[in-house]
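Here are a few short exercises to work through with the model open beside you. Try each task before you read its solution.

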Amino acid sequence: MADTSDTRTPAQIEADIKRRREVLAETLDEIGVRVHPQTIIGDAKAKVVANLDHTVGRAYVQVNRVISDVRAQFVDDEGAPRLERVVPVALLAVGVVGLLAVGRKRRRG
């Protein structure tokens, strides 16, 4: 059987009740703040911003990786351009721009 005798004095019991009420009041205040619409909206916004920051960060890393890979194709380890790769790409770019220019002149004429 459980011992139900209480050896505390009435003053100790009242002090325990008072402490318990204070703890419960703090807990209720915290719950009130957590369920307040502004708090919920603020938390939701913070989550969206955190997810967006994470996504943007990952995209930034990917873009930097692609740029580094492309740069490695056209520049050697010492920073000098690789002419065997730069010249054909430059000629291709000039050819595409030329074709676009000729195509526009034909449409206008």
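From the N terminus on, the elements of this protein run α-α-α. Keep in mind that the model is predicted.

**Exercise 1. State how many helices and strands the protein has.**

Solution. Begin with the helices: there are three. Then look for strands, and you will find zero.

**Exercise 2. Set the radius of gyration of the protein against that of a compact globule of 109 residues.**

Solution. Start with the reference: such a globule would come out near 13 Å. Next take the value for the protein, which is 36 Å. Finally, turn to the C-alpha trace, which spans about 100 × 45 × 30 Å along its principal axes.

**Exercise 3. Describe the burial and the surface of the protein.**

Solution. Count a residue as buried when its relative accessible area is under 20%. Of the 109 residues, 1% count as buried. Now for the surface: its accessible area comes to about 10,200 Å², and carbon and sulfur atoms hold 62% of that. As for charge, the protein has 18 positive and 15 negative charges, and their mean positions lie 19 Å apart.

**Exercise 4. Find the nonpolar patch that includes Ile40, and decide whether Ile40 is buried, partly exposed or exposed.**

Solution. First locate Ile40 in helix H2, which covers residues 37-74. Its partners in the surface patch are Leu28, Ile31 and Val35, and together the four have about 390 Å² of accessible area. Last, check the relative accessible area of Ile40: because the value is 48%, Ile40 is partly exposed.

How values were computed
Residues numbered from 1 in each chain as written. Predicted model: local features only at pLDDT ≥ 70, side-chain atom pairs only at ≥ 80, totals over all residues. Heavy atoms only, no water. Helix = DSSP H or I, 4+ residues; strand = E, 2+ residues; numbered from the N terminus. Rg over C-alpha atoms; globule rule 2.2 N^0.38 Å. Buried < 20%, exposed > 50% of the residue type's maximum accessible area, 1.4 Å probe, protein only. Areas by Shrake-Rupley, 256 points an atom, 1.4 Å probe, with all protein chains shown as cover. Lys, Arg positive; Asp, Glu negative; His and termini not counted. Charge placed at Lys NZ, Arg CZ, Asp CG, Glu CD. Patch = residues over 30% accessible without salt bridge, like charges linked within 9 Å, V, L, I, M, F, W, Y side chains within 5 Å. Salt bridge = Lys/Arg side-chain N within 4 Å of Asp/Glu carboxyl O.
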